[in-house]
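Trainee: I would like to go through this model with you, one question at a time. Could we start once it is on the screen?

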Amino acid sequence: MAAVDLVSLQEQYPDVQGWLTIPDTGIDYPVLQSEQENGEFYLKRNYKKEYDINGSLFLQADCKVSESRNLIIYGHNMNSGAMFGNLDRYASYDYWKAHPRVFFQTPEGMEEYRIAAVLKADVSMFDFQQTSFHSPQELEAYAAQAKALSLFETGVAGAGCETTLTLVTCSYEWKEARNILVAVKAEPER
């Protein structure tokens, strides 16, 4: 996995918080974050802050890359496949099997996550917007709930996870439906 020169990118565009890559899915983009008062600033803007119908991938406003236990990243479900337009392909077990890993590069380095759950839900069914957890058990419960709602069993355990990455895009089955992937930080290979 080739790393991006984040430092140079952040010097020009300080709202860039990291870079998200899911190999062979077309998802390979900077992840932005605006100030909390305007959390959806990048919904229809590119990383240069210019109007762009595709928008950008962006972190939920109250997430902190170095601190939050659950990093929530939003992106448009574009018909072209741009941004998170290919996330809905994860409804297929075979697609997940072929693309099970997510890489998120931050100033701290490259982290690998494994997709533990693929779900279609809304916030009343699954609180995917939760960023603070008071104990490791609460984060495990979040991962377990995602797994309970998952379209299929991935075999990736949420137990013992230190950080989760939650990727969210629109789904069209009902008004507030979302395609959601919950990925857990992979254990370093021993």
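Mentor: What follows is a short set of questions and answers about strands, buried residues, a cavity and pockets.

Mentor: This is a predicted model, in which local features need pLDDT of at least 70, side-chain atom pairs count only at pLDDT 80 or more, and totals for chains, interfaces and linings use all residues. Residues are numbered from 1 along each chain as its sequence is written, and side-chain values use heavy atoms, with hydrogens and water left out.

Trainee: Thanks! In which strand does Asn-70 lie?

Mentor: Helices (H or I, at least four residues) and strands (E, at least two) are DSSP runs, numbered from the N terminus. The run that covers residues 70-74 includes Asn-70. That strand is S4.

Trainee: Is Asn-70 buried or exposed?

Mentor: Buried means under 20% relative accessible area, exposed means over 50%, and partly exposed lies in between (1.4 Å probe, protein chains only). Asn-70 has 0% relative accessibility, so the residue counts as buried.

Trainee: Which side chain makes a polar contact with the side chain of Asn-70?

Mentor: A polar contact is a pair of N or O atoms within 3.5 Å; within protein, one must be able to donate a hydrogen and the other to accept it, and residues adjacent in sequence count only if both atoms are side-chain atoms. The Asn-70 side chain reaches a backbone oxygen, that of Gln-130, at 2.8 Å. Its side-chain partner, at 2.9 Å, is Thr-164.

Trainee: Which residue stands opposite Asn-70 in S7?

Mentor: Two strands pair if DSSP finds at least two bridges between them. S4 and S7 (residues 164-170) run parallel and are joined by 5 bridges. The residue across from Asn-70 in S7 is Thr-164.

Trainee: What is the bridge partner of Phe-58 in S4?

Mentor: Here we turn to S3, residues 57-59, which pairs with S4 in the antiparallel sense over 2 bridges. For Phe-58, the partner in S4 is Tyr-74.

Trainee: How many residues of S4 are buried?

Mentor: Take the two faces in turn. Asn-70, Ile-72 and Tyr-74 are buried on one side, and Leu-71 and Ile-73 are buried on the other. The strand is mostly covered, and the count of buried residues is 5 of 5.

Trainee: What separates the C-alpha atoms of Thr-166 and Leu-59?

Mentor: Thr-166 is found in S7 and is buried, with a relative accessible area of 0%. Contact means heavy atoms within 4.5 Å, and the residues that Thr-166 touches beyond four places in sequence include Asn-70, Ile-72, Phe-128 and Leu-181. Leu-59 is 107 residues apart from Thr-166 along the chain, and their C-alpha separation is 9.8 Å.

Trainee: How many residues lie between S5 and S6 in their hairpin?

Mentor: S5 (residues 101-106) and S6 (residues 109-121) run antiparallel, with 6 bridges joining them. Within this pairing, Val-102 stands opposite Tyr-113. The number of residues between the two strands of the hairpin is 2.

Trainee: Which residue in S8 stands opposite Val-118?

Mentor: S6 also pairs with S8 (residues 178-185), in the antiparallel sense and over 8 bridges. Opposite Val-118 in S8 is Leu-181.

Trainee: Which element gives the most to the lining of the largest cavity?

Mentor: On a 1 Å grid over the protein atoms alone, a cavity is a set of points where a 1.4 Å probe fits but cannot get out, a pocket is an open set with protein on both sides within 12 Å along at least five of seven lines, and lining residues have an atom within 4 Å of a point. Grid points are joined across faces, edges and corners, and a volume is the space filled by probe spheres set on the points. The structure holds 1 cavity of 30 Å³ or more, and its lining includes Val-118, Leu-119 and Lys-120. With 3 residues, the element that gives the most is S6.

Trainee: What is the volume of the largest pocket?

Mentor: Its lining can be introduced before the value: S3 and S7 each supply at least two residues, and the largest share, 3 residues, comes from S7. The volume of the largest pocket is about 370 Å³.

Trainee: How many charged residues line the second largest pocket?

Mentor: This pocket has a volume of about 190 Å³, and of its 14 lining residues the closest to its centre are Val-65, Glu-108, Glu-111, Tyr-113 and Lys-185. Ala, Val, Leu, Ile, Met, Phe, Trp, Tyr, Cys and Pro count as nonpolar, Asp, Glu, Lys and Arg as charged, and the others, Gly among them, as polar. The lining divides into 4 nonpolar and 4 polar residues, and the charged ones number 6.
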